[in-house]
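Q: Please take a close look at one helix of this model and at what packs around it. After that, follow the contacts outward into the rest of the chain.

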Amino acid sequence: MNTREQTQQSGWVAVSQSTSSRQSSAPAQWVNRMAALLVLSSAITSSACLAVNVTTHHYDTYRTGWNQAESVLTPYTIAKGSFGVTGKAKADAQIDAQPLVVQGLSIKDKGVHDVVFIATENDSIYALDASSGEQLVRVNLGPSVPASESPRHGEEGIQSTPVIDATTNTMYVITYTLENQAPTYRLHALDLATLTDKMPSVVVAAQSVLDDGTALSFDANVQRQRPALLESGGNIYAAFGSFGDAQDQIARGWLLGWSAANLTPLAANTLTNHRSSAVTCNRHLNRPCYLSSIWMSGSGVAADDAGYVYVLTGNSESGSWSATDNLEESALKMSADLSRVLDYFTPWDVDKLDSANRDFASGGITLLPDYALPDTYLAVAAGKTGIMYVIDRADMGQHVDQPPDRVPASYQIGKCWCAQSYFVGPDHVARVVTSGGAKVEIWKFGPLSKGISLSRESVSPALESGQDPGFFTSISSDGMAANTAIVWAVARPQTSHGWQYLYAFDASNAKQILDMKAGIWPATNHNANVVPVVANGHVYVAGGSHLVIFGLNADRRKDLVFTGSDPAVEPPMPGHEIYGTVMKIRGSSIALRTRKGVVVAVDGLGAMQEHNSVPLFIGQAIGVDGSYVHSGAVRASSIFGAKDSPALWPDDR
């Protein structure tokens, strides 16, 4: 598994040659290597003439988050003061997918435009002018799944970021629709010019075999399609988790694939938990639970140049980890046909991660190109514990029972509902950008002759954010030219209906360049996976039900104003909702201390019987939907996770 891999970017930067056979002669490998480096070095040293198509999540299948062809926006041009809002657009529902950008697209009856695409939870796709936000085409792909069918998560439609094949002008997107009163996932292949189906859409369906030989069918009622789609090697891949640990007696992690040419499902799929009988979940009345979800806060399924596919998995029940049956809390490397797990890494304290609901999969996995890291095949990943693991993709380390983990290195970056980014500086040294906690941290690789190690080079001021710890970043630069690299991030408001802000930091020292209003976020209790997209002198921020476009030569006298009601705001749920910290657990009875210091008894039996409860532990912050009974206790219909800080809890009602 030490196959030669060269840097793969997203189609808008020169792609280096790839030598896929280990049997190549040493001289041939050296010649191919040098040719590839010359091509790539030329591309990323001077990229002013390149136009950028952003066709996938975080720019490329490695999920580096790096646009290395941005010659317009630099720390200097932004500091001149003309940067601001140049356009905006309002959508019909919450936008959770990352915007995508295609240059010079011919739109029927609209002429040729640079186009930015957005997708909404109402199962709508918009094609908008990339400079002004003017609507060019809109299509609705079916009725979304209403909040009544998706407890605690509101309307569900398109949640993952689509992927675009620019060579065929095709967008692949998965919708979540209510068909014959049943939640249904469909994979569509849309013509970019019209947003109509190029071929009949297909219902997402799959079967896998459990460890006792019985068949398990994919269940769209309990599986959530949150991670961004991947196109690699002529296939489309999609990963699935759960709706916030609900229905854990059914939900598991799935990775599915289809032929991009005709949407035919691959013959094999990856099921992360093959157990036919699970360790019992005491929190759920001694019933079995499964999970090992793939969710990654919306990060994309990743792939390297050899076609290997990578994901992270989340929690299952403590004590149920198995290298053959249940790869929970793990980084997985799969074959392109999904028939085999080729390698994996599981932290040594997997049982502890499970028992405290500290998902490894709250973050995304980023593969590091080897242009500036010759003869290395690395990945970085972090989750709720805040430990970023540097993983060798040629030998991922698997699992050990005692520390240390068998990985090249690990670092504390802060709790991470986030993903890492990567770029190469003007000194030709590779860097990793982390965003755990509330700060941007830039990490620099040391000389590989001394082993694989990172040092913290610079740290930004803290973002004022109501997001769970961590956020997404993007990097823009004019190749490796000095004084051009910028780290971009979006901070979510600390109150419902508050402003989210776009931040920019000088990548040479993490100094803050700007923070600007970038739309309204509707609800503090919903996690945000907002990725700022930088392309061709513009920055695109989608959040709430708006897309905001930034660029140079903006009229700074105009404030960012939204008029009318925001359709992404959810109506109040019936009954009561309270927030607090778990003080005691006895069976299904919970003692909850509210923000005012009052201890309330919660009867969690109903929520637990319906599997509408997150894993519970002492000191945990939770929210409870339910109704008061005569004794003053709250009978819970749903128990869900809340932010750690009471200041970020919505008002009790």
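A: Y76, A79 and K80 of helix α2 are exposed. This is a predicted model, and the helix in question spans residues 75–82. Its buried residues are P75, T77 and I78. These three cover an arc of only 165° around the axis, which puts them on the same side of α2. Y76, A79 and K80 lie on the other side of the helix. As background, an α-helix has 3.6 residues a turn, so residues three or four places apart point the same way.

The cover over the buried residues of α2 comes from distant sequence. It includes strands β33 (486–491), β34 (498–506) and β35 (512–521).

One of these strands also takes part in an aromatic pair just past the helix. There are 17 aromatic pairs in the model. Among them is the pair of F83 and W488, which is tilted, with 5.9 Å centre to centre and 40° between the planes. F83 lies in the loop between α2 and β2 (84–90), while W488 lies in strand β33, so the pair ties together parts that are 405 residues apart in sequence. F83 has 1% relative accessibility and therefore counts as buried, the cut-off being under 20%. W488 is buried as well, with a relative accessible area of 0%.

A second aromatic pair has another geometry. Y176 and Y185 are stacked, at 4.2 Å centre to centre and 20° between the planes. Both tyrosines are buried. Y176 and Y185 also belong to a cluster linked by ring pairs, together with F218, F240, F243 and W254. A ring can also meet a charge: the charged end of R252 sits over the ring of Y290, 3.9 Å from its centre.

Y176 falls within strand β8, which covers residues 170–179. This strand is part of an open sheet of four strands, in the order β7-β8-β9-β10, with antiparallel pairing. The edges are taken by β7 (163–165) and β10 (202–203), each with a single partner strand, so one side of each is left without a neighbour in the sheet. The partner of β7 is β8: three bridges join the two, which run antiparallel. Within that pairing, V163 stands opposite Y172 in β8.

Another antiparallel pairing follows α2 in the sequence. Strand β3 (residues 100–107) and strand β4 (residues 111–119) pair over six bridges. S106 stands opposite V112 in β4. The two strands form a hairpin with three residues between them, and D109 in the turn has a positive phi of about 65°.

One covalent cross-link remains to be described. The structure holds one disulfide, which joins C416 to C418 with an S to S distance of 1.8 Å. The torsion about the S-S bond of C416 and C418 is about -115°, so the disulfide is left-handed. Both C416 and C418 are buried.

To return to the helix: α2 has P75, T77 and I78 buried, and the cover over its buried residues includes β33, β34 and β35. The loop after α2 holds F83, whose pair with W488 ties that loop to β33.

Technical notes:
Residues numbered from 1 in each chain as written. Predicted model: local features only at pLDDT ≥ 70, side-chain atom pairs only at ≥ 80, totals over all residues. Heavy atoms only, no water. Buried < 20%, exposed > 50% of the residue type's maximum accessible area, 1.4 Å probe, protein only. Arc of directions from axis to C-beta. Contact = heavy atoms within 4.5 Å. Phe/Tyr/Trp six-rings, centres within 6.5 Å; stacked < 30°, edge-to-face > 60°. Lys NZ or Arg CZ within 6 Å of the ring centre and 35° of its normal. Pairing = 2+ DSSP bridges. Disulfide = S-S within 2.5 Å.
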